[in-house]
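Student: I should like to discuss the charged pairs and the nonpolar packing of a model. May we examine them in turn?

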Amino acid sequence: MKLRNLAYICALGACVGAVAAGPEDNVIEEAVWTIGDQPIWRSDVESSWAEMRQEKYPIIGDPYCFVPEQIALDRIYLHQADLDSIEANPSFIAAQVDARLNDWISAAGSREQLELYLHKTLPEIRQFLTENTTNNYRISEVQKKLVNKVKPTPAQVRRYFDRLPMDSIPFVPTQVEVEVITLHPYIARQEIDDIKERLRGYAERVNNGTSEFSTLAIMYSEDGSSTMGGEIGFMPRARLAPEYAATAFNLTDPKKASAVVETEYGFHIIQLIEKRGDRVNTRHILMRPKPEQKDIDAARVRLDSIRADILADKFTFEQAAGVLSQDKDTRNNHGLMTNPNTGTSMFAMSELPAEVARAVADLKPGQVSQAFAMKSANGTDVVSIAKLKSRTEAHRANIANDYQLIRNMAIAAERERILKQWVDKKIASTHIRIEPGWRDCPNWRHDWLGAEK
């Protein structure tokens, strides 16, 4: 558990409405800005600053200038959301709150520890997060409504690029496109039976009351949730493996463990914690059967044979991927990997799985690697070969090779211009007061002092 996480949690929860330090001295709570008839308190500034630090939000200049301006902007957008009758879907907000609350509980170590650190009950913490998440959603919807018609033509994108100073044109790192063929090594039936028998033994210990599920998860689960006693937090059905979801949503007794469940990740036993509408919170113990080294070597030999046939032009890499690959994410795309960060087939080398990056690092486009072992995205043992489809060397962005990147920059710049213009008009018609000691701010994005009435 990291101390900075606990400091962040305390700042967001316990510090709201508490005594807070200003930029010059320590005094009792008071308003530092007023927007319309709504004050911005010092504690608002302190708690927002703590949240920005944790989220690594870029703060420009003095935080006691930047943070209250951001709060003021939020107030202006929320006022517009009221005028436009923009409301948030409660189910959507609840799912977002559950995810964030799970992160906080993970940082604290347990629900009880979180309540202890914040001096608040879990319902009070949930209420704070619900208000925060709802406001963020409503602000985002106002902004989307203002800028949703920004769709530059190719000519406008080119004009935007032509006007960019050289030092504003981004440097694009080396990018590659990679195709893979993946095989799952054979796993002995005895290994699978042993795993299932161990899990059934753990379930029996839970069901007869001799062991706590969470303790067993900490000791034996191979999932990252083991440090949380196997708890994965509230999840909708769509975010769970189908087999896991079918069992989890049918559980009724929080004191019992399920039968063994097989998913693409391995074998599980599951314990219900709580159901809430269309979401469920569970604990689980995950165990993955392991192939023997001889079976990994056999898969490697088979892939090297497939590679030899590809090099002999008996069939193409893409044809082999579509028929032989056992990776469902790439098989239907002729082996081509998709970057989850961008939705495209282009990867910076640092974005590739480490084993794939090493395999293609010295290849030329069109060449195929030797077979190599790696962990799949779901943590299972696999063996693969990779083909480097293309390589674009590091370069300064240009229209010919990086049109989508430049178009996104043009869209962002135009949206920023529209939002600034809209906010400036709102400021001009809004009563604003900034207290002495909070006015010397040369890096404000808007002219707040000119709007003081």
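Student: Which residue does the side chain of Lys-420 meet in a salt bridge?

Tutor: A salt bridge is a side-chain nitrogen of Lys or Arg within 4 Å of a carboxyl oxygen of Asp or Glu. Lys-420 lies in helix H15 (residues 399-428), and its partner lies four residues apart in that helix, about one turn; helices (H or I, at least four residues) and strands (E, at least two) are DSSP runs, numbered from the N terminus. At 3.0 Å, N to O, the partner is Asp-424.

Student: On what basis were these values obtained?

Tutor: This is a predicted model, in which local features need pLDDT of at least 70 and side-chain atom pairs count only at pLDDT 80 or more, while totals for chains, interfaces and linings use all residues. Residues are numbered from 1 along each chain as its sequence is written, and side-chain values use heavy atoms, leaving out hydrogens and water.

Student: Is Lys-420 buried or partly exposed?

Tutor: Buried means under 20% relative accessible area, exposed over 50%, and partly exposed in between (1.4 Å probe, protein chains only). The relative accessible area of Lys-420 is 38%, so this residue is partly exposed.

Student: How many residues apart in sequence are the parts tied together by Lys-387 and Glu-179?

Tutor: Lys-387 forms a salt bridge with Glu-179, with the closest N and O atoms 4.0 Å apart. Lys-387 belongs to strand S11 (residues 381-392) and Glu-179 to strand S4 (residues 175-183), so the pair joins parts separated in sequence by 208 residues.

Student: Why does Glu-179 count as buried?

Tutor: Its partner Lys-387 counts as buried at 15% relative accessibility. Glu-179 likewise counts as buried because its relative accessibility is 3%.

Student: In which helix does Asp-44, the partner of Arg-75, lie?

Tutor: Arg-75 and Asp-44 form a salt bridge whose closest N and O atoms are 3.6 Å apart, and both residues are buried. The pair links distant parts of the chain, 31 residues apart: Arg-75 is in helix H3 (residues 63-83), and Asp-44 is in helix H2 (residues 42-54).

Student: Which element gives the largest share of the largest nonpolar core?

Tutor: A nonpolar core is a set of buried Ala, Val, Leu, Ile, Met, Phe, Trp, Tyr and Cys residues joined through side-chain atoms within 4.5 Å. Of the 35 residues in the largest one, Trp-33, Ile-35, Ile-40, Val-45 and Trp-448 touch the most other members. Elements giving two or more residues include strand S1 (31-35), helix H6 (122-147) and strand S13 (432-434). The largest share, 11 residues, comes from H3.
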